Amino acid sequence: MSPRPGFVLEVDRSTPATLIWHGEGFRLERLPVGSRIIYGPEPLPPLADPDQAIRDALDNPLGDSQPLRTLLFPGMRLTIAFDDISLPLPPMRAPDVRQRVIEAVLDLAADAGVDDVVLIAALALHRRMTDPELRHALGDRVFEAFAPHGLLMQHDAEDPSNLVDLGVTDHGEDVEINRRAAESDLLIYVNINLSAMDGGHKSVATGLASYKSIKHHHNVRTMLNSRSFMDRHHSELHSSNWRMGRFIAESGVKLFQIETTLNTDTFPKELAFLQKREWEWSLKDRASFLATSTVLGRTPGGLSRKIFHSVYAPHDLTSVQAGAVEPVHEATLVNLYRQQLVEVSGQTDVLTMGLPYIGPYNVNSTMNPILVACLGLGYFFNLYKGKPLVREGGVVIISHPTPWEFNPVHHPSYIDFFEQVLAETRDMFEIEAKFEESFATDPWYVHLYRTSYAYHGVHPMYMWYWCSHALAHLGRVIIVGGDRAAVRRLGFSPASTFEDALELAEDVVGRDPTITHLRVPPLLMAEVT
Amino acid sequence: MIPDELAGRHIAVTGATGFLGTALIERLLRSVPECEVVVVVRPGQNQGPAERTRREILRNDCFDRLRRELGDRFDDVIARRLTTIAGDVGKDGLALDEAGRALLGACDIVIHAAASVTFDAPLDGAVEVNLLGPSRVAEILIELSEERTSNGGGASTRPHLISVSTAYVNSGHKGDAAEELITASKFVSKIDWRAEVRAARRARADEDATSRSSERLAGFHRAARAELGAAGTALLAHKTEQLRIDWVRDRMVALGRGRSRALGWPDAYAFTKSLGENALLDIRGDLPVTIVRPSIVESALSQPRPGWIRGFRMAEPVIISYAKGLLKQFPGVPEGIVDVIPVDLVVAAIIAVAAKGPDPSGPTVYQVASGARNPLHYGQLVDLVESWFTQRPLYDHRGQPIVVPKWSFPGRGRVQGQLRRATQVLGAAEHLVNSLPLRGERAEGAARIEERRAEAERALGYVELYGAYSETEARFRMDRTVQLFESLEPADQAEFCFDPAVIDWPRYIEDVHLPSVVEHARVRTTPAGKRVMASLEERSLKAVLSDQPRCAAFDLENTLIASNVVESYAWLATRHLERVERARLVAGLLAEGPRLLRLDRRDRSDFLRAFYRRYEDAPVDQLRTDSYELFSDLLGQRAFPDAIARVRRHRALGHRTLLITGALDFVVEPLRPLFDEIVCATMGERDGKFTGELTQAPPTGEARAMLLDEFARAQGLSLADTVAYADSTSDLPMLEAAGFPVVINPEAKLAAIARRRGWFIEHWARAAGGPRRTLAIATRRPGLQTRPASWVTNSPAGEPR
């Protein structure tokens, strides 16, 4: 049976309660009759032989690229960059796609007699990966072959000796990237394209770049002009990355791009109900829902976090394409949309969403209030093509506990940003002008980014900028069940129940508003007509 | 007319810096314009007598009225009419110099108002001042006038000595207490005052000797240790000596109280005053002497202004404790008389006595009291106070009004019993809490128990001290005083009123006395309580984070990071171990925990020295690399974000920052960018391995205070410009030395000390979002080294048990 496409359900009297994510937990909620619920397409069937598919892709590249084996020669400098811990979500069960692809690439390199190979985690300004995380992404064999010899590196955007300034694009954008990557005979970038934002020229131009370069597109103006940043052809974020990517190629960096797409089989069997449509829940699904929510309700916060962060997604490979960046990425988008796109007709007054326990920047960590805002208003709000799901001046209702909690090792500058900067102003442009530079260059943050596992000092600002399109578009943001002080610090309205939140929303959008619930995860993308 | 009688007279006053003395000086200067005043003032520790006169007498708000009336002439008039001489009534001959002798010798009238008025003064102190004071004054006056006579000054120039005593010298019986000489009273035991003086002086020597016995000293040392913990030798020694001195004092107070009660006086004050009258009458020879005995002197009825009072006196602390709801009961009988007399009435009576001159028939007594003429009943007083505070309640620290308790006039024994039990229960609770390993806000709760215990003890003290006064059933006659008043001309009666019949008690209590008491007590009279607290913290924070140059010193364990050297070791040691070995090592450390803790509490340096032996043969390079992981995996997770933010704040303000810790250098290396200087422990190295021996003594105790001083001086600053952050009593020397001590998450002991000293206390918590774990075990670095290193598995040697 082929998987069913995405689906927009209109709630009527017989509709069962809908599962709404709420951080490290979830609950069932009855939405008002007439509300719409957007379900993504069911998981696509996996590729029958993923390893063979990968080998095929390497041998049959897209665009003007030669097959990978012909690009490899003895004595060459080969660098393999790969996506970091922020992808995929949740982390996938072993073997990770990166492991499969890199093993295939290394086999070819070995066949060709290449012995100068370096692996680089493309961190951009993200935190370094821990050894267990690297081992999980690359597999024991690769990890043990490279790590002990210092050949498994993590991109350090603050190591001047390991960066190279390639010049300036015709738009005046500085292009500064990892020196080893730039000076290799061949750079291979291994992507996991979980969402439409990932991959393309963004992989190298952002993943291996420095603050000096990244700040040209990670800023308020760019984000306001990316509608959405999930839609590469209407995204200033991507236009800027594309200019830089082409500039990098013109500078002589030879890149072989590998992109992969996964299906939306997000949760293991025991939690399968989380990705099923509620009216199709079997007795077993109901039982596991009850069991899971009862257990979660009785576990202390730290433990339920631990439980959730040890969930690995089945995530099967649905496509792999390799070769020249642009044709590869176009093919990727086709495959991605095949899995994620749902047609939705017409915008809504009120968009509701339940945020799960995980986002790109809190894998094995804490979802702090800034990350809540970013996941809801940055990522979920932007899961659209065409028009935003919610009309201009509409309301977004987010369900998440939004605790005033931070991981001190991963997010040190977030603490200061939230407690000092947001206490003073929430204005994007003011923050950018007044605070960005000092956070970006703070020696303590730089020290922690380089030697510990901290996101770069400037990162919380980026997360805040990520919300700028949504904040400019929306009339109000309401968080249900959140820590009131934290929600207010973000500038949002706290509500204790879903009903209260809808009442609050009516103050903005009027009586009897249209309501649409975004049932994510599993991930989907709405094509709004 | 009184001003005429006293015109041109030289009047000397002792005790001029006291409550009565100040009022007396002011009244003489204001209402008797033609007299000259000589004040006998004891030189202060840092100030000469003239300076004390200026600061402690003339600057008092008592003189506001005179200053207003004289305007620009005030300074001139004072300079012309007021002379200060150095003198001490506690010393024979008053320790006068030649100039002082000349000035005192030229006086016509000497008013002796100096007294030790604390009811719980040590016996010997009270004896020196209250018992011997009047006769010393008499002796010097006789000596001076004989000198003058022999110099040909004539025989009729003996000055008039007016000695201020207390009505309670003769209060140990029911019924009338007449204005008769103490020697004539049939209710007062006849005692050899000279023997009492000798006994008191001997008792002081005896108690002092007892306090120096080795058992006692060991006890004081134990108590000091219990209070301060491992605060270092110097501080403990200081505290021990303080406790010894306090003990001797307490013994002398108890002796005074016991001796007085045994002989029928309410306390040592009345007892020594009584003997003082005896001594004066014995010594006086032909010196004309008048004794004025006021009862309980309280705030002014009208002069210099209604409600004027100086210092916190007898009734005030009782009233305030009552208004704060602390004094649930106070002994007394409702129909008993509380003999209170406003200070201006006493002053007027003394001046009238001075103007009248000595009685030719010999020494006479004037009692200035209210009980016999216009009694204030105890029940009435309690009602007035209760209704006043019900209408104008004080507010507690949460800004809520305090409901005053209802007194039911129980007997003194019952009240004392209740309070004693409360004190004992709170004392036991305090002891219990102090022995618990509490920190932070809970520890501050413990400190509050200590405060409540102190309050209960104080309440008990009031009852024990003053209970006798509310139960006195003697009625102080004042026939002679009233007679004197009635003999005055109407104008004098108006200006120098001392007839207690004029007092309207409800008006005096409600409109004059209580407002004045509340104002002086600086208690919270508005509900805006929280604001006051916040601004206190804000002020401390502002002083700490000023834009002035500062040096900020931080302790590490539990000040910056909730971890310790044992955890660091456990983490580093387990990093390269297989599962079984890891479990064994951690189990071993856990089992050793109590012993290590004991060792640490006994002496930090010894503990560190012994514990660090475990690093013997550990590979230097590996540990230096691993320490960054240690920071990310353990120390960083357990760091207090507020602490890190504070260090960064200091740096942003241009302050210099210093980390002082007993942790090892490689452990704190990841923190280096936060500090201008790090003083920590360093270990010797041999062939790429650690020796397990420290290269120098770890910075602990007093060494930290000295390091702070050195660090400040290297920046061209002084200790006054330093801020010290610490969490434990072992850092007391550094906290004491710093200009701005800041106590972080203190244990109960330190919380109590900090609250007493008014130090800034902050509560810093670990980040709420970090992972929680109980054991400090490293995530093993897979695939690199799995065999246990010898430095980990070898059992430690040479650690004291």
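Me: How far apart do the C-alpha centres of domain 1 and domain 2 of chain B lie?
Reply: Good place to start! This is a predicted model, where local features need pLDDT of at least 70, side-chain atom pairs count only at pLDDT 80 or more, and totals for chains, interfaces and linings use all residues. Residues are numbered from 1 along each chain as its sequence is written, while chains are lettered from A and ligands numbered from 1 in the order in which they are written. With domain bounds taken from an automatic or database domain assignment, domain 1 (296-337 + 368-527) and domain 2 (550-792) of chain B have C-alpha centres separated by 51 Å.

Me: Is Gln340(A) buried or exposed?
Reply: The rule counts other C-beta atoms, placed from the backbone, within 10 Å of a residue's own: 20 or more is buried, 12 or fewer is exposed, and in between is partly exposed. Gln340(A) has 26 C-beta neighbours inside 10 Å, so Gln340(A) is buried.

Me: Which helix holds Gln340(A)?
Reply: Helices here are DSSP runs of H or I with at least four residues, strands are runs of E with at least two, and both are numbered from the N terminus. Gln340(A) lies within residues 325-340 of chain A, in helix α12.

Me: How far is the C-alpha atom of Gln340(A) from that of Leu44(A)?
Reply: Along the chain, these two residues are 296 residues apart. In space, their C-alpha atoms are separated by 9.6 Å.

Me: Which helix gives the largest share of the largest nonpolar core?
Reply: A nonpolar core is a set of buried Ala, Val, Leu, Ile, Met, Phe, Trp, Tyr and Cys residues joined through C-beta atoms within 7 Å. The largest one has 175 residues, and Val396(A) and Cys374(A) are among those touching the most other members. Its largest share, 9 residues, comes from residues 369-380 of chain A, helix α13.

Me: Which strands stand at the edges of the open sheet in chain A?
Reply: Strands pair if DSSP finds at least two bridges between them. The sheet has 6 strands in the order β7-β6-β5-β10-β11-β12, with mixed pairing. Two strands have a single partner each, so one side of each is left without a neighbour in the sheet: β7 (152-154) and β12 (317-323).

Me: Which residue of β7(A) is the bridge partner of Ile120(A)?
Reply: Strand β6 (residues 116-122) of chain A pairs with β7(A) in the parallel sense, over 3 bridges. For Ile120(A), the bridge partner in β7(A) is Met153(A).
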